Amino acid sequence: FVIPVASAVDLVVVIVGNGAVGKSSMIQRYCRGTFTREYKKTIGVDFLERQIQCEGEDVRLMLWDTAGQEEFDAITKAYYRGAQACVLAFSSTDRSSFEAIHSWKVKVEDECGEIPTVLVQNKIDLVDQCVIDPKEAELLSRALGAKLIKTSVKEDINVNAVFWYLATQCLAEL
Ligand code: GDP
């Protein structure tokens, strides 16, 4: 007979969006519990992971941090390959990052097909600098068929919820 062994489910998550929306910060916050004000436009790819218990499964989330390489299409595309879930991120304070979401979605879809995706509006702590109408964010979310989650990586609001949601979506598809 076979002794059942608890096995971890591995999920590779790719986080895309314009520069400075907070992708790198989100990964650091989620995997290391830290936040820094410095904006490090690093060249090079980081890979962080965090294990969670989700619906009775051990899920290992593996996060590619491709921040700083948004302009190097060919390089980043290689990291999308094999991703099982996607975060489309824009910033409350940056209209162009909001307007770029559609093209980020297309890029990921070209490599990965339809995968569980969440739309993240980050930097909601900067209330006075918000340039996104809540209604248009909701409309975009509906158009993409992706749940909208509003986060502040700085204040640690809703960051866990983003990855929890993606994990449940992926588990449901197994
Ligand atoms: P990336 O280029 O998308 O990886 O963006 P970064 O993670 O490097 O973040 C860009 C800048 O935004 C940094 O100075 C961060 O400290 C800052 N930042 C990230 N998330 C938040 C947030 O939720 N609120 C505020 N106020 N600043 C943030």
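**View 1. Lys23 reaches the backbone of Asn18 in this predicted model.** Start with the side chain of Lys23: one of its polar atoms sits 2.7 Å from the backbone oxygen of Asn18. Lys23 itself belongs to helix H1. Is Lys23 buried or exposed? Its relative accessibility is just 4%, so Lys23 counts as buried, the cut-off for that label being under 20%.

**View 2. The ligand and the residues around it.** Zoom in on the ligand and you'll find 22 residues surrounding it. The closest are Ala20, Ser24, Ser25, Thr36 and Asp125. Which element gives the largest share of this shell? That's helix H1, residues 23–32, which supplies 3 residues. Sorted by class, the shell is a mix: 7 residues are nonpolar, 8 are polar and 7 are charged.

**View 3. Polar atoms of Ser25, Asn122 and Val153 beside the ligand.** Here we pick out three spots where protein and ligand atoms meet. At Ser25, a polar side-chain atom lies 2.6 Å from an oxygen atom of the ligand. At Asn122, an N or O atom of the side chain is 3.1 Å from a ligand nitrogen atom. Val153 takes part through its backbone: an N or O atom there lies 2.8 Å from an oxygen atom of the ligand. How much of the ligand does the protein bury? On its own the ligand would expose 590 Å², and the protein buries 91% of that.

**View 4. Asp58 and its contact with Gln53.** Now move to strand E3, residues 57–65, where Asp58 is found. The side chains of Asp58 and Gln53 make a polar contact at 2.5 Å. Asp58 has a relative accessibility of 24%, so it counts as partly exposed; that label covers values between 20% and 50%. Asp10 is worth a look here too: Asp10 and Asp58 are 48 residues apart in sequence, yet their C-alpha atoms are 8.6 Å apart in space.

**View 5. Helix H4 and its buried face.** Helix H4 covers residues 101–112, which makes 12 residues. From first C-alpha to last it reaches 16 Å, close to the 16 Å expected at 1.5 Å a residue. Which residues of H4 are buried? They are Ile101, Trp104, Lys105, Val108 and Cys112. Looking down the axis of H4, these buried residues fall within an arc of 100°, so they line one face of the helix. Over on the other side of H4, His102 and Asp110 are exposed. Right after H4 comes Gly113, with a positive phi near 75°.

**View 6. Helix H6 and its buried residues.** Helix H6 takes in the 15 residues from 159 to 173. At 1.5 Å a residue it should span 21 Å, and its end C-alpha atoms are 22 Å apart, which agrees. Buried residues in H6 include Val159, Val162, Phe163 and Leu166. Ala167, Thr168, Cys170 and Leu171 are buried in H6 as well.

**View 7. Where the close-ups fit in the chain.** Let's step back to place these pieces. The chain has 6 helices and 6 strands. Read from the N terminus, its elements run β-α-β-β-α-β-α-α-β-α-β-α. Of the 174 residues in the chain, 44% are buried.

Notes:
Residues are numbered from 1 along each chain as its sequence is written. This is a predicted model: local features need pLDDT of at least 70, side-chain atom pairs count only at pLDDT 80 or more; totals for chains, interfaces and linings use all residues. Side-chain values use heavy atoms; hydrogens and water are left out. A residue is near a molecule or strand if one of its heavy atoms lies within 4 Å of it. A polar contact is a pair of N or O atoms within 3.5 Å; within protein, one must be able to donate a hydrogen and the other to accept it, and residues adjacent in sequence count only if both atoms are side-chain atoms. Accessible areas come from the Shrake-Rupley method with a 1.4 Å probe; for residues, only the protein chains shown count as cover. Helices (H or I, at least four residues) and strands (E, at least two) are DSSP runs, numbered from the N terminus. Ala, Val, Leu, Ile, Met, Phe, Trp, Tyr, Cys and Pro count as nonpolar, Asp, Glu, Lys and Arg as charged, and the others, Gly among them, as polar. The expected span of a helix is 1.5 Å times one less than its number of residues. Buried means under 20% relative accessible area, exposed over 50%, partly exposed in between (1.4 Å probe, protein chains only). The arc is that of the directions from the helix axis to the C-beta atoms.
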